[in-house]
Amino acid sequence: MYDDSDNYFTIGSAQASPTVDLKVNGSDGPLTKESSYATFTWASTNADYCSASGDTYWSGAKSTSGSETVWTGNEKTGVTIYVITCGASSGKVSSASDSVTVSFQQALTNQPTVSLNGPTNGQNISSGPANYQ
């Protein structure tokens, strides 16, 4: 295009801002789970780079979309917020972030059991994983 003084100029389009969506085990959260492995999936648009944070195993540079099986800790309890932030290398638009909040519950590895001996014929009544005799 030309302006009134016959100088050439271009009209540029604005760069679209990045977006990103993060899921843990297919959920946007919040979710409750035992500490073990979890599947993290994410997808971004208009982004050139992504970076993760939350804990030791979900941190650092990530591709702009992907899926990753992540160890979420042994005997982990409490709440962890997993975050992914994606941006454009031009620096002309704001980056985008998404997060999933996970509450961890400790797995019961040793279930308590109670055995009672009846007074006749040695009857047993056991309490545990629903075992009655």
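Pro-30 is found in the loop between S1 and strand S2 (31–34), and a cis peptide bond joins this proline to Gly-29. The model under discussion is predicted. Its described features comprise an open sheet of three strands, one disulfide, and two residues other than glycine with positive phi, Asn-25 and Asn-46.

**Backbone geometry in the loops**

- Most peptide bonds are trans, and most residues other than glycine have a negative phi.
- The bond between Gly-29 and Pro-30 is cis, with omega at about -5 degrees.
- The loop between S1 and S2 also holds Asn-25, whose phi is positive, near 50 degrees.
- Asn-25 has a relative accessibility of 42%, so this residue counts as partly exposed; the class lies between the cut-offs of 20% for buried and 50% for exposed.
- Asn-46 is placed in the loop between S3 and S4, and its phi is likewise positive, near 55 degrees.
- The relative accessible area of Asn-46 is 43%, and therefore Asn-46 is partly exposed.

**The open sheet**

- Strands of a sheet pair through backbone hydrogen bonds, in either a parallel or an antiparallel manner.
- Here the three strands follow the order S1-S3-S6, and their pairing is antiparallel.
- Strand S1 (19–24) and strand S6 (65–71) are the edge strands, each of which pairs on one side only.
- From one strand to the next, the twist averages 15 degrees.
- Strand S3 (residues 37–45) runs antiparallel to S6, and seven bridges join the two.
- Thr-41 is positioned opposite Ser-67 of S6.

**The disulfide**

- A disulfide is a covalent bond between the sulfur atoms of two cysteines.
- The structure contains one such link, formed by Cys-50 and Cys-86 with their sulfur atoms 2.0 Å apart.
- The link of Cys-50 and Cys-86 is right-handed, with 105 degrees about the S-S bond.
- Because Cys-50 belongs to strand S4 (residues 49–55) and Cys-86 to strand S7 (residues 78–87), the pair ties together parts that are 36 residues apart in sequence.
- Both Cys-50 and Cys-86 are buried, whereas Asn-25 and Asn-46 are partly exposed.

Definitions and conventions: Residues numbered from 1 in each chain as written. Predicted model: local features only at pLDDT ≥ 70, side-chain atom pairs only at ≥ 80, totals over all residues. Heavy atoms only, no water. Pairing = 2+ DSSP bridges. Helix = DSSP H or I, 4+ residues; strand = E, 2+ residues; numbered from the N terminus. Axes fitted to C-alpha atoms, helices over the stretch in contact; angles between N-to-C directions. Disulfide = S-S within 2.5 Å. Buried < 20%, exposed > 50% of the residue type's maximum accessible area, 1.4 Å probe, protein only.
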